[in-house]
Amino acid sequence: MSINRRQFLKIASISTIVGLGGAGAFDLLQRNWLEAAQFSPDPKALTAKRWGMVVDVSKLKTEDDYKTITDACHRVHNVPDFGNPKDEIKWIWTETYGHTFPGQEDEYMAEDIKHKPFLVLCNHCNNPPCVRVCPTKATFKRKDGIVMMDMHRCIGCRFCMAGCPFGARSFNWRDPRPFIKEENKEFPTRMRGVVEKCTFCYERLAKGLIPACVEASQEAAKKAGTKPGLVFGDLSDPDSEVRKILSLHFSIRRKSELGTQPSVYYIIGGNDHA
Amino acid sequence: MLETALRGSRKYWGLILFLLSLIGIGFIFYLQQFSYGLGITGMSRDVSWAFYIGQFTFLVGVAAAAVMVVLPYYLHNYKKYGRISVLAEFLAIPSVIMCMLFIFVDMGQPLRVLNVLLHPTPNSVMFFDMLVLSGYLLWNVLVGWTILGAERKGMPPPSWIKPFIYVAIAWAPSIHIVTAFLYAGLPGRHFWLTAIMAARFLASAFASGPALIIILCLIVRKYTKFDPGREAIQTLGKTITYTMIINVMFLGFELFTAFYSTIPGHMHPFDYLYVGLDGYTKLVPMMWLSSILAVIALVLLLNPDWRKNEKTLAVASVAVFFSLWIDKGFGLIIGGFIPNAFEKVFEYWPTIPEAFITLGVWAVGFLILTILYKVATTVKEEVVYDKYGEKQIKV
């Protein structure tokens, strides 16, 4: 049996397409089973089933308390400061009660609560809408509950920013690098055109360190001889510190009625036991 | 058939040159955006989608409106649309291409756009939007080109095209519905979180698209020998009358729900758009212009004498088109972000580069439209008689 050139090309091209397609399908099935890791995990790494945070606002007193915390985060993560609200990028910052919990404000509520700053950051929702809407899986939920960003995969469509009900996400409207005050070489800088946000310091957890904001609040508390305003831990572990605090105090979460199940809790009238 | 687009009058080449120069200017501004980043636009952390996505949303409507011509023709054998079904399909093609370009220019990392295919994510509505838009483009190119090719040869369309025609008809609403779902399924965006969103999209699309087809039919009749037919234009006039009424009614339903319930989150975006919020009023004039145009359009359309007069019908069509262009291009998207997640107002207005990039994309669309319409009208001029034996050129 002989085949002419035309038939040969036909067979060759069809088998190439089938081969490539088959490999692609196999790859797709495999993809979810593997976990990308360049190194074996550090034995000191902090692990959890669902990382969460408690913000005890009664423990945070002065302007400085907040500034230490937000600065600590923005410094280690190379968050640029453009000095204008249009290009602004922020991972953790403060808002008033009314802006943090829209609709919960009340004209007769205590003045000090009304004007007190509330720390806001990514809520690392258990049911994150940003992950649901991302068309490339560039934002995804890890097994430990952290909602992560892959800045190399992000196409900059900003669907996640529309999807997030908490305004937690920022976009690099322009090259951020010239606006980083002091670059931390340990953490990557970003390029223009990608979305970023708080990652619960996944890079520090991997080395056995607690998140930078929590560490800053602990240091500030130690100096002032009080308890820290931020507590971090495993929400799925009933013996964790966060769970103990939550079992003793009334806490609220931002926009919990939306069903995104935020992992950041706020205690407003906390006392010294917390 | 494409060769017919290479021979044309001085006016034709003038139009082509004009559109090419707009594309050139837009492209230069796009290069600037490409190197600086999207910060060149008026968008911000709070209003993170705006003019580009607004244009995309509006044009999805225009694209799918072809079905308002194709459906009565193929499913109900409404013969008067026989001559213009190709015009409707050929409007869908540049509209979808503009939609895709507006998405593309809105990307922070445009070179990574194929990540959407490399990492297909069925839980994202954007994934489905990509599928339905590319599908719709494909069906319209296939159907439009095949039908026109058959007409040129004086043959009935081949029978294999029939299933594709039906698929294209059923497919058309999907591009609105899926685009509406981009917005309507997001928690915490009160303005968009409404089940009537998809219905509103359909109503406004079936008004703005046919309105543009009316305008294009009138232009084609003026500048070529091809006559789309008075009755076809009149029937389209009736279509936009009904769909515009439905569209305005749907907006009224939204206003009722927001202001009778007095739930602040539902009222605030409407407040911002129509009266201003916390002293911020940038979009108020635009939104009132949209409302006034809608009223003018309805007054002209509801009066049968005015509707039957092609001059007033043309004015009404232009009013419908621009009213809905403002409503979708500005109001719908920007209103969704103001106030923001913290109930704060941060305003948006397009910048000059953003406006020129937008104009450039529109020019790409109109260039493709011009070329396709040139091909279609030349074929129709050559054929002289339509499928039903009636003369389709001006005497």
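The paragraphs below walk through a predicted model, beginning with chain A, moving to its contact with chain B, and ending with helices of chain B.

Chain A has a secondary structure that comes to 9 helices and 10 strands, and its C-alpha trace spans about 90 × 45 × 40 Å along the principal axes. Of the 274 residues in chain A, 41% count as buried. When contacts in this chain between residues at least 6 apart in sequence are considered, 65% of them join residues at least 24 apart.

One part of chain A to look at is an open sheet of 4 strands, which run in the order β8-β1-β10-β9 with mixed pairing. Strands of a sheet pair through backbone hydrogen bonds, and they do so either parallel or antiparallel. The edges of the sheet in chain A are formed by β8 (230-234) and β9 (251-252), each of which pairs on one side only. Strand β1 of chain A, covering residues 51-56, pairs with β8(A) in the antiparallel sense over 5 bridges, and a reader following these two strands will find Met53(A) opposite Phe232(A) of β8(A).

From the sheet we turn to the place where the two chains meet. Here 41 residues of chain A are in contact with 34 residues of chain B. On the side of chain A that touches chain B, the elements giving two or more residues are α5 (129-133), α6 (159-163) and β6 (170-171) of chain A, and of these α6(A) gives the most, with 4 residues. By class, the residues on this side of chain A divide into 18 nonpolar, 11 polar and 12 charged.

Within chain B, a pair of packed helices comes next. Two packed helices are described by the angle between their axes and the distance between the axes. For helix α2 (residues 51-64) and helix α4 (residues 85-105) of chain B, the axes come within 8 Å and cross at roughly 160°. Because angles over 145 degrees count as roughly antiparallel, α2(B) is roughly antiparallel to α4(B). The crossing in which α2(B) passes α4(B) is left-handed. Among the residues that make the contact are Tyr52(B), Phe56(B), Leu59(B) and Val60(B) from α2(B), together with Leu91(B), Val96(B), Met98(B) and Phe102(B) from α4(B). Taken by class, the contact of α2(B) with α4(B) has 14 nonpolar residues, 2 polar residues and no charged ones.

Further along chain B, Ala232(B) lies in helix α9 of that chain. Ala232(B) counts as buried because 25 other C-beta atoms lie within 10 Å, where 20 or more are needed for that class. Although Ala232(B) and Tyr81(B) are 151 residues apart along the chain, their C-alpha atoms are separated by 5.8 Å. Leaving aside residues up to four places away in sequence, Ala232(B) touches Lys80(B), Tyr81(B), Arg83(B) and Ile84(B).

Helix α9 of chain B also takes part in the surroundings of helix α10 (B), since the buried residues of α10(B) pack against α9 (230-261), α11 (284-302) and α13 (310-337) of chain B. In helix α10 (residues 264-274) of chain B, those buried residues are His268(B), Pro269(B), Phe270(B), Tyr272(B) and Leu273(B). After α10(B) comes Gly276(B), a residue whose phi is positive, near 95°.

Methods. Residues are numbered from 1 along each chain as its sequence is written. Chains are lettered from A and ligands numbered from 1 in the order in which they are written. This is a predicted model: local features need pLDDT of at least 70, side-chain atom pairs count only at pLDDT 80 or more; totals for chains, interfaces and linings use all residues. Axes are lines fitted to C-alpha atoms, for helices over the stretch in contact, and angles run from 0 to 180 degrees between N-to-C directions. Angles under 35 degrees count as roughly parallel, over 145 as roughly antiparallel, 65 to 115 as roughly perpendicular and the rest as oblique. A crossing is left-handed if the near helix is turned anticlockwise from the far one by less than a right angle, and right-handed if clockwise. Two residues are in contact if their C-beta atoms, placed from the backbone, lie within 7 Å. Ala, Val, Leu, Ile, Met, Phe, Trp, Tyr, Cys and Pro count as nonpolar, Asp, Glu, Lys and Arg as charged, and the others, Gly among them, as polar. A residue is buried if 20 or more other C-beta atoms lie within 10 Å of its own, exposed if 12 or fewer, and partly exposed in between; C-beta atoms are placed from the backbone. Two strands pair if DSSP finds at least two bridges between them.
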